Structures are given as C-alpha cells and as structure tokens.
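Q: I would like a close look at a single part of this model, followed outward into the folds around it. Please keep the sentences short.

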Amino acid sequence: AIRPQARSGFNSSRFASRRGCAVVRDMSVPVSLPLKAGHVDVQLSPRQLDPSEDVLQLGGHPLDTLFKPESVAVVGATDRVGSVGRTLLKNLISNPFGGAVYPVNPKRDHVLGITSFKSLAVCPKRVDVAVIITPASTVPKLIQECVDNRVRHAIIISAGFREVGPEGAKLEEEVKAIASKGNLRIVGPNCLGLMCPTSGLNASFANLMPAAGSVAFISQSGAMITSVLDWSVGQHVGFSAVISIGAMMDMDFSDMINYLSNDASTKSIVLYMETIGDARKFLSAAREASLTKPIIVIKGGQTEAAAKAAASHTGSLTGSDAVLDAAFKRAGVLRVEHVADLFEMADVLSKQPLPKGNRLAILTNAGGPGVLACDALAKTGGTLAELAPGTIERLNSVLPPAWSHSNPIDVLGDATAAHYAKSLEIIAQDDNCDGFLVILTPQAMTAPTQCAEALKKYASVGKPVLASWMGGPDVEEGAKILRYGCIPCYPYPDMACCTFNYMHEYKSNLRSNYERINLEMDLASLRAARMEVSDMISKIRGTGRCLLTEAESKQLLRVYGIPVTACEVCATPEEAGAAAERIGYPVVVKLNSTTITHKFDVGGVKLNLHSRRDVEHAFTEMKESVSRLASPEGFEGVTVQPMISLKGFEIILGSSIDPQLGPVVLFGMGGSLVEVFKDSALGLPPLNANLAKKMLQSTKVFTALQGVRGMPAVDIGALIDIMVRFSVLIVNHPEIMECDINPLIASADGILSLDSRVLLHDSSVKQFPLPAIRPYPHEYEFVHELPSGGSVKVRPVLPEDETRMLGYYSQAAWSEGCDPTTPVTEISDVPDGCCRWPGAGKKANDAAGRSHLIKTCFADYDRSIVLVVEREAHGEKIVAAAGRCTKEHMSKDLTFALQVLPEFRKLGLGKLLLQDLIVTARKEGGRHLKAKVHDSNAGALAFLGKLGFSTSKSAEGLVLASIAL
C-alpha cells in the first residue's frame, strides 16, 4: 500500500512491504529508517537526477518554497470590489495549493470572511511568500518586516519604483539593501504576480487560472500574460508556471530559468522580454537550460521607438538588437518575431523531434498551396528535399500516374486517406528528407477527417511531421484529430514552413555551438602575450592617452599572432627616407598621431612612393597639411610601411562595447565602403573555432572567400585562427573600448592587416565592461612539482579538450556505473567513492555521454570550473585527473567532485587537485566547499579530514564534508 504525502520538492510515500522497498532500492532511491512498525519512508525525487547536474545533492531548489509554498500572506488584502487586493486574495483561496493564506491588513479583522492579521509578525506560521500590494512608499517598511519575520520570498505587485524616475530608483535601492541583508528574494516590482497551475498556486490578480501543462511562461509585461492566458483557453495550451517578473529588482529571467530547467513539469520555457537584465547571468542560465529544454523568446523594443517605450516601462536601457540576437544564438535560445510563434514553437517542440537538416518534403492534394509552401520555405531558410530514385519508384506504385513525380508531392485532388498515409510512410524512410509537411485542401472528393485519422499514427517517425488543413468548418474536425495526435496543424502552409525553419534554426544553433573543435590554442604564448600587452596598455593609460598610434596598434596585434605589415616610426624627413631604403620600394607614408583618428581626412596617407626623395617630400607635405586641416600638435611624425600589392578581399575585424552585453566582435566586408554594404556578423567573445566559422558563414563575403570568378580560395582556417586570437585579445584586455582592423586583406597568398585603430577607455574609468560570457580563467592555472619527480600542470578545461576528456572518461569507468553514492572498498590516492566525478561509467560516444562531454568541456566558468591535471603519457598530453567545483544556486556555497585515473594514483595528484579546487572556490567568493560522501567510505572521510574538512550527518547513509573558505 502506498499513501502519498505532499512535500516540497519531493513526493514522499510509505511502503508497507519489503518487496516495495527492494524495488525502490534497485532504483537507487534513498530509503530512510522505519518511522513505525511495518512502514518505511521513501522519498522520490520529481525526476531522475543526472549526477552531472546534481552531484549527491538529491535535494530541492531554494525557489521551491516560492512555487510550492506552505503559507502565503497577502499584505494589502481588502474587500473593496475591483481592487487588486481583493482579486489576488480571491485567486489564492479559490485555487487550493495545499497551504495557508493569511490576509494582512491592520485596519480590518476579516477580509472575504477570512481572519485578517495586523502584521506578518502575528501570522500563525512562518510565511513562505508575502505578496505586497500597498503603495511603493510603504514597501521598504514592509520588506523590513519580512526580513524580521524570516519570510523567504516577497512578490511586490506595487508600481512606483525606478520606472517613475530618480525618486523611485532611490526607493528601489532602499528595498534591495534591506532584502539582501535578510536573504529575502523578491519578484517584481510592478508585476502581475505568479501562477503555478501544477501545484494550484495563483498568487496573481489575473482574471483566470490557466490549465496545467508543460509550458513555462515568463514575462516582463503583466498585460501580455493576461492576453496570453485568455488566448490559451481556446487553444488548449497548458502551463507549468506563469511568472510576471516586472522590473526585476532582484530575481530576473536567469533565476527563473535556473529553477524551471530542473522542474519536471516544464518541457519548454517561453519568454516575453523587454530588457535582458544581467546579461551575463541570463546567458549563463540559458546556455545550461537550453541543453535539455527549449527556450523561446520574443523581444520587445527592437525599434528605436519601441526601445524608448520599453525603457519607460521597465526603467532599464536596451542594447543593440543585433547584438542581442547574436547573444540568443550563442546561448541556444530560439528567437521568434510574433507572439503566435512563441507558443506555436513551444507546442511543436513538445510534440515533434528536431530536424537534422533543413530539407522539407511537401505532400499536398493541390498544386497552388504546394507552390506557396515552396516560396515560404525558401524565404525563411529551408530547402526542398530531393526525393531519392527509390522513393519515387515506391510512390509510383501507390499513387495515380498523374502525380507530380517530384517534391512537392502532388497526390491530386481526389486523393484518398490511403494515398496520404501510404505516401507519408514511404517518404518518411527517405534519408534525403529531414521533415514533412502534409497539406490538405477541402475538395469534393476529399475526406479531411478520415485523412487525419489515417495520418495520426505517423506522429512519431523520428522526423518532424507538420500539417496544414486549409479551410474552415469542413476541415476543423480533422485538424483537431491531428493536434490531439501530436501532429501540429496550421491553417496555412506558410505558417508550417516558418515553424519548420525555426526548428532547424534552433537545432543548428545548438549543434554549431557545441561541435567538436580541432583548432587548439597555445596557452603559454597567449599568457605571455597577455602580460606584454597589459604592460603596454598600462603605460599608455598612465600618460592619460586613450588613442593608440598605428604603430602601437600594430604592435599590440603582432604580439597576439595577428599578421601585420612592417611599420617604422620616423620623426624627421631624413629618418623616413632611411626607413624606406631599409624596407624597400614602393612604400606608404602615414601620419603618426595620438589625437587624430581618420588620417585620410587631413592628408595623412601617401601611397605608392618609389624613391627617397618622394618619401621625404611626402613627410614635409603631410606636416603642412595636418597643421592646416587639424593642428600642428596633431602631427607627431610618420610611419613608413611597405606598399602591399596583395590582391584579395578587404575585410573588417573589429570590437566595440554594447551597453548591455559588453564587448562584441564584428566580422564582415571591409574597406572604405563598410557602412554602405553592411555585410557583417556579430559575435560575443571569447570565440572558439566553431563560433568564428559560424560568423564567417553568415556573411555574403564568405562565399567569395571560398573562391569566385577565377580568384583562388582564402585559407579559411588561418582566418578563423586570426578571429579567435582577436577575440582573446579583446577579453584579455577590458581596457580596450574599440578596436578595428580595416582593411584586413585576405587572399590565397596570405592574410595581412594593413591598418588598425585601438581606442582605450579613459584613464578615469576603473570598472570596465565585462564580457557577457566569462572567458578562460587564466588565474586558475597551477604547476606542481611531484614528490616522485617531474611536474604536472593543473588548468581549467577548454572546449578543445573534448578528445582528451573522451579518453579520460573511457578509463574512468566503474563497474557500479555512475551512481556517486555507491560505496567502494578499494581506496587508492583519492578514494574512488569520494565525491565521485559525475558521468563516470557513461559511454562517451552515446547521446548521454556526448551531452556530458558538452557540460564538461563547454563549461560555463561562471557556474562550474573544471580543473584537469595534464600529464605526458606515451608521447602525448592526456588528462590524468579532473575535478569540478560548482556554485549552488542562490548560495555562496560550492560543491565539488574529483577523480584520478587508476594509472596515476599514488602520485599525490588527488591531494594537489583538491587543494587547487579549494583555492579556486575561495577566489570565486565561496563561503564553503562541500560534498556528500557515503558513510561507509572511511578512506574518503579520512582523506578529507586531513585537508581540514569537517563532517556532519546529512541523510541516511551520507555524510556532509565541508570546509570553510
């Protein structure tokens, strides 16, 4: 017999049978000591936890009490008809969520017939969530009351904060300061509230409670939520959570995504966004969540007018929309343009698999809709699949002779349900097809309902199947059958084609973000370059200058391995002539200036000079021109450079600062007409080889770079290497505000920077804009001498390490599988059961293993830092040990796991690695570093004790080992 008991984050059940206990033990579910004779308490996690995501934690999330509270207080509850206070209280009591509701109003004894309390302090139980509806001016005092009474979360419905101006902003800062001291987390202000249909919670003033479902909706606009909820009724769309986050005073998109990514009820996350908030936090959360659940966003504020409206709504500035688009792609977030697409995509991604490519096969009973579908497909990035000869032969056997014999597959107007079903069955087996669209128009001989019945069994063919039943009442029943049968059905085929291309775009972004990387950077040379350029920039800023001369700019690029032309600085005509003799003719003479940026505008460039006399004359003439058109002080000599006759393509490679996302890298067609052609792509640094290639491929000039009209192809690999090095330069030196290489000449004979410009932040700026994605943390590179002789290098993992980590996992397999709680008896160096490395025992080549490799090698350094111990073995570098320290959500604690390969045990690597993890966790601002260890693993506990870890009982069979940082 099983009697469910509701618990936050868990379902707890009591088993009265030994057989039942044995079953759950086989599922690796913790079983506690008997509560009473004949019963044991069993706790089932809402989902099977992947050890790579939750190493030994087996616990809930800090926001569980927000979404599944045991008590909610409504501060400002009232009986007044039409008021927010009345509506919100009524919503809470009308939708039982299994907890208590406390109206708080010092002027009333009862509200809606329920006993009201004068303050939070006199509520019968500790309050999990306080919903505040009172005027903004009263909120600081109420937040202090929340803190004093240990309230966990507050939802501030009230408006009147930074969106109204400086006074409101000051009030908001006061509220934030009070809340942070008491560890109180806030949703809002200026929001609609929160709904969790799966638990029954409706802490909002929306006019209806949505049906339970698998879509989580997070919106900055409350009005958008109420509109969507009304729409969802007729569309039969259900929600796992609906969250109005308002002005995001405290909790923002990232906090909610972190929670929902681990919520078993949520299959997809959709966002209405006006401003991204903390971009680094958002991208960090989205990158991790998008590996397991689709995130779909619609962004308001794309145009200048809309951006101003968004700023007045949320009180926050918006950045460049093109940069934000690049950020979404980097994070694996799918961006759509229309509200309808937002939920259509959530629905289709929950019903159909993603396509492997963009080739669509169209099955139709009418030529016109098929043609329109082809147009829509091509315009949005898809292609028509070319049917294999075998497929055409098989279709010939089931279709009338007059069928189209190509794609679109026109089965003719009198097509029967059998024609549709057999045709779809045949093309579903064609490897040339990545997805299918079935179109039906109501003709006299057509049976829309019977056709739908015949097709619904093909909803799961391993490739996406979409439908378009065109018409009105005649086709509605058939459309319903398809929708309920998990085949998304659209009124028009162009909508279906758009959906298919969105699906391909989403899959393509994820795939390209995490493809294996072959280009490996020389970390030692980059470290040396970083030190040299940092010293150079420090000296320049020390003089009060912001603009580097061309010679300084080229030296900076040269240090990072970016090819530049030779450049000699000359202070006199004679020096210029001598330099030209050394370089060889023809040469170019350019202005050297720390104040003038655009040399051409002041006569500061002289090309194709063939003699010493020409060079000296150019010097004198340039000095006079600059003095006349700018100022005498602007002339600080010249640079002499070789006149490059390299014939190739002019490219621009640059960087600038976005107000929300920090440094941004630009690649595209360069030269003097760069603003005219506007053929460019944006990316967030740091780039790896895959991301750089993806930027290249998104430009028109990429086609020309591969060879066009007799011109040989450029070395694309070399160009990618330059882009990666340039991005490393930008993130290594946040003092750089702008950097342009224009033109960068690319030809089959080589790639060369002809001109460059670097602008630094003013010397008064001390806090520089950070990259939206945290770059490689050089500070966690360690070198250790081993007692047995030799040395090892410990460093953070890189995406380029995937092959090495594949080798590591292939040797780090245990017979017990990947369950970190399994006790072991063999202790060597670091005990095998000591905070075991997650993912061990998985086959690294299967889907689960590949997913784990991605989580490890493409780790977000803001969330988790994986340190690898690099050793030479058999003439190549391998990973001998690895350890991870991971930040807990909404906490200053970190958890860790580590493992040393058997071949390298008894060398002291485990101790060295754990000491480095402790240093890393401390520098990351951690409070404690901890892990859970099986209580039977005496060796592991002794090992941790020697390093200063304290232990305490955690759960049945587990010990919490922790060290204060």
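In which strand is Asn-608 found? Please start there and work outward.

A: Asn-608 is found in strand E27. The model is predicted. The backbone of Asn-608 has a positive phi of about 55°, although the residue is not a glycine.

Start with the sheet around that residue. E27 covers residues 605–609 and is an edge strand, pairing on one side only. The other edge is strand E25, residues 568–570. The sheet is open and has 4 strands, in the order E25-E28-E26-E27. Its pairing is antiparallel. From one strand to the next, the twist averages 25°.

Inside this sheet, look at E26 and E28. Strand E26 spans residues 587–591, and strand E28 spans residues 638–642. The two run antiparallel and are joined by 5 bridges. Leu-591 stands opposite Val-638 in E28. Two helices pack on the sheet. Helix H19, residues 550–559, touches E25, E26 and E28. The direction of H19 makes about 50° with that of E28. Helix H21, residues 612–629, touches E25, E26, E27 and E28. H21 therefore contacts the strand that holds Asn-608. The direction of H21 makes about 165° with that of E27.

Next, two further backbone features. A cis peptide bond joins Pro-685 and Pro-686, with omega about 5°. Pro-686 sits in the loop between strand E31 (680–683) and helix H23 (689–697). A cis bond also runs from Asn-742 to Pro-743, where omega is near 5°. Pro-743 is placed in strand E32, residues 736–747.

Now move to another sheet. This open sheet has 7 strands and mixed pairing. Its order is E13-E12-E15-E14-E16-E17-E18. The edges are strand E13 (201–204) and strand E18 (334–335), each pairing on one side only. Strand E12, residues 193–196, pairs with E13 in the antiparallel sense over 4 bridges. Gly-193 has Ser-204 in E13 as its bridge partner.

Helices cover this sheet too. Helix H6 (residues 222–235) lies across E12, strand E14 (212–219), E15 and strand E16 (268–273). H6 runs at about 155° to E15. H11 packs on the sheet as well, touching E14, E15, E16, strand E17 (295–299) and E18. The direction of H11 makes about 175° with that of E17.

An aromatic pair also ties H11 to E15. The count of aromatic pairs comes to 13. In one of them, the rings of Phe-239 and Phe-343 have centres 6.0 Å apart and planes at 80°, so this pair is edge-to-face. Phe-239 lies in strand E15 (residues 239–244) and Phe-343 in helix H11 (residues 339–351). The two are 104 residues apart, so the pair links distant parts of the chain.

Helix pairs come next. The axes of helix H4 (residues 139–148) and helix H5 (residues 166–181) come within 9 Å and cross at roughly 5°. H4 and H5 are therefore roughly parallel to each other. H4 contributes Val-139, Pro-140, Ile-143, Gln-144 and Val-147 to the contact. H5 contributes Leu-171, Glu-174, Val-175, Ile-178 and Ala-179. By class, the contact has 8 nonpolar, 1 polar and 1 charged residues.

Helix H13 (residues 389–396) and helix H14 (residues 417–427) pack at about 160°, with axes 10 Å apart. That angle makes H13 roughly antiparallel to H14. H13 passes H14 in a right-handed crossing. Thr-391, Arg-394 and Leu-395 of H13 meet Ser-423, Ile-426 and Ile-427 of H14. These contact residues divide into 3 nonpolar, 2 polar and 1 charged.

The last pair is helix H10 (residues 321–331) with helix H17 (residues 493–513). Their axes come within 8 Å and cross at roughly 70°. H10 is thus roughly perpendicular to H17. Lys-329, Arg-330 and Ala-331 in H10 meet Glu-505, Asn-509 and Asn-513 in H17. This contact divides into 1 nonpolar, 2 polar and 3 charged residues.

Key. Residues are numbered from 1 along each chain as its sequence is written. This is a predicted model: local features need pLDDT of at least 70, side-chain atom pairs count only at pLDDT 80 or more; totals for chains, interfaces and linings use all residues. Side-chain values use heavy atoms; hydrogens and water are left out. Axes are lines fitted to C-alpha atoms, for helices over the stretch in contact, and angles run from 0 to 180 degrees between N-to-C directions. Angles under 35 degrees count as roughly parallel, over 145 as roughly antiparallel, 65 to 115 as roughly perpendicular and the rest as oblique. A crossing is left-handed if the near helix is turned anticlockwise from the far one by less than a right angle, and right-handed if clockwise. Contact means heavy atoms within 4.5 Å. Ala, Val, Leu, Ile, Met, Phe, Trp, Tyr, Cys and Pro count as nonpolar, Asp, Glu, Lys and Arg as charged, and the others, Gly among them, as polar. Two strands pair if DSSP finds at least two bridges between them. Rings of Phe, Tyr and Trp (its six-membered ring) pair if their centres lie within 6.5 Å; planes under 30 degrees apart count as stacked, over 60 as edge-to-face and the rest as tilted.
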